[in-house]
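Could you walk me through this structure in my viewer, telling me what to select next and what is there?

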Amino acid sequence: MTLGPQRESGTSDEAELVSKIRAGDIAAEEEFVARYRRGILVILRRSSEARDAADDLCQDTLRIAVESIRRGELSDPDRLSGFVCGIARNLILNYGRRAARRETLADNEEMDSLAAARPPTQLDALLRSEQIQTVRKVLDELPSDRDRELLYRFYIAEEEKKSICEDLGVSDLHFNRILFRARERYRLLYEKYLRKRSEK
Amino acid sequence: MDHQEIVEQNIPDLYLMNKLPSEVRLRFEEHFVSCPECLNRLEATESLRSALRKDLVARTSRPIPVVKSRTSLRTYAFATAAAAILIFAGLLATRELLDLRNRLSQASASLEQERNKNAALNDQIAATAQPQATALVFPLVITRGGPDNATPPVNRVVLPETPGWLVLSLDLPDTSTFERHRAVLRDSRGTVLSDLSNLKSSSRDTLAISFLSSRFMPGDYVISLEGLTAGRSMPLGNYSFRVLR
């Protein structure tokens, strides 16, 4: 799989942001945090080693990045995103190593931490049930059984797109369209539910 | 990295399924870390996948979906006919009576077999009144032996009337901590019908595998499941099941 080149507009944005932070611009630091926080969290939460500590490690990533930029340690400002990702990955590795050492803790400590884990609340159950109802609504709204099958086979059974398309006789374009519609419809319905809940 | 390629190649979806080669994964991370559009897509996709998984688990925790009891009606009609034959046969004292009795005893044996199958099915059919909305989901438990074993498999899969999609939800052993699995589907003669690698469990205790119903004919099958880790595999168990129409 090959991917295209980096966006030119994105790289110049990054360089500008870096130069402002180096100049001590606090608003630029805030913009940096606002721009990168979400993405760093996605990376951290995808890692099996550091998922539980994602929020803390995200703060550490942002702090280390800002401090490094201030000190002028980022040699190529156009590589800001790569630099941030690199910090996050290093923190994941370090956290994983520390966690491996912690596994030698005595059994009773482990049991204590397990006991401290929060059991599912009534709200959790409600949200779960609403998620299920929402996704069923989305599935019901799909125009054909074939589209529903496609969604399950791709997202749950994780079958290859090519074989699903061949089996069901759908084009690449149609495949992507079904995923897009289902995803957007689900997002709209679920956000609507969450808004209603917060208004109550 | 441009958005057209990201969308066309479903890169966010593949990223969430851990299916991207590491080089592409790193490049995509460096792209989306500051790209609101890709982050929106990642979050929406993850949320939808999570809901689909929960829906699947919720469905598998219910009794097996309703199957219209056409078989039962057939059986009762057959029973009535058999009874009529029995009465008629009682009135006959000719040689035909013996022939009829022979045929009747064969029919009765078939009827008994049908009844046994129906009893097992009716237990599963239970009180679920809702028609199934999407796919038929069948929970399978680990069994001993293969499809050639003399004992009929406890797991049953009922084919839909019209070709559709089946989800086999494999109950994972308590000891399984593997994130990836390999499942090999064989028929009663041991012929490999499907060999699926790198399957990811939909929850800690189940692994869902989808098949087109047209892949199955009535008969016995077995899925051999292995856990995969660091290039090694470990057998986790066999799931024998009988496919019924």
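Here is a tour in a few stops, with a selection to make at each.

**Before you start**

This is a predicted model, in which local features need pLDDT of at least 70 and side-chain atom pairs count only at pLDDT 80 or more, while totals for chains, interfaces and linings use all residues. Residues are numbered from 1 along each chain as its sequence is written, chains are lettered from A and ligands numbered from 1 in the order in which they are written, and side-chain values use heavy atoms, with hydrogens and water left out.

**Stop 1: chain B as a whole**

Select chain B and color by secondary structure. You will find six helices and eight strands, where helices (H or I, at least four residues) and strands (E, at least two) are DSSP runs numbered from the N terminus. Along the sequence the order is α-α-α-α-α-α-β-β-β-β-β-β-β-β. Chain B has 245 residues, of which 45% count as buried; buried means under 20% relative accessible area, exposed over 50%, and partly exposed in between (1.4 Å probe, protein chains only). Of the contacts in chain B with a separation of 6 or more, 66% are between residues 24 or more positions apart; a contact here means heavy atoms within 4.5 Å.

**Stop 2: a hairpin in chain B**

Now select residues 180–187 of chain B, which are strand 4, along with strand 5. The two pair in the antiparallel sense over six bridges, pairing being called if DSSP finds at least two bridges between two strands. To check the register, pick L185(B), whose bridge partner in strand 5 is S194(B). Four residues lie between the two strands of this hairpin, and G190(B) in the turn has a positive phi of about 85°.

**Stop 3: where the chains meet**

Show both chains and select the residues in contact: 57 from chain B and 49 from chain A. The area buried between them is about 5000 Å², with carbon and sulfur atoms giving 57%; this is the accessible area (1.4 Å probe) that the two parts lose on being put together, summed over both.

Next, turn on polar contacts between the chains. There are 16 residue pairs in polar contact, both at pLDDT 80 or more. A polar contact is a pair of N or O atoms within 3.5 Å; within protein, one must be able to donate a hydrogen and the other to accept it, and residues adjacent in sequence count only if both atoms are side-chain atoms. On the chain B side, at least two residues each come from helix 1 (3–8), helix 2 (11–16), helix 3 (22–32), helix 4 (36–60), strand 5 (192–200) and strand 6 (206–212). Helix 4 of chain B gives the most to that side, with 22 residues.

**Stop 4: salt bridges**

Which side chains should you select for a salt bridge between the chains? Try R89(A) and E30(B), at 3.6 Å from N to O. A salt bridge here is a side-chain nitrogen of Lys or Arg within 4 Å of a carboxyl oxygen of Asp or Glu. Six of them cross the interface of chain B and chain A. Add R79(A), R25(B) and E29(B) to your selection, and you have a network of salt bridges that links them with R89(A) and E30(B).

Two pairs inside chain A make a good contrast in setting. R71(A) and E73(A) have their closest N and O atoms 2.7 Å apart; R71(A) is exposed at 54% relative accessible area, and E73(A) is partly exposed at 46%. In the salt bridge of E159(A) with R153(A), the closest N and O atoms are 2.8 Å apart, and here E159(A) is buried at 17%, as is R153(A) at 3%.

Back in chain B, select E46(B) and R49(B), a salt bridge at 3.5 Å between the closest N and O atoms. The two are three residues apart in helix 4, so about one helical turn separates them.

**Stop 5: R183(A)**

Select R183(A) in helix 9 (residues 172–199) of chain A. R183(A) is buried, at 4% relative accessible area. Not counting residues up to four places away in sequence, R183(A) touches Y155(A), D13(B), R41(B), A44(B), T45(B) and L48(B).

**Stop 6: two positive phi values**

Finish with E158(A), in the loop between helix 7 (145–155) and helix 8 (161–168) of chain A. E158(A) is not a glycine, yet has a positive phi of about 55°. Then go to N18(B), in the loop between helix 2 and helix 3 of chain B, where phi is also positive, near 55°.
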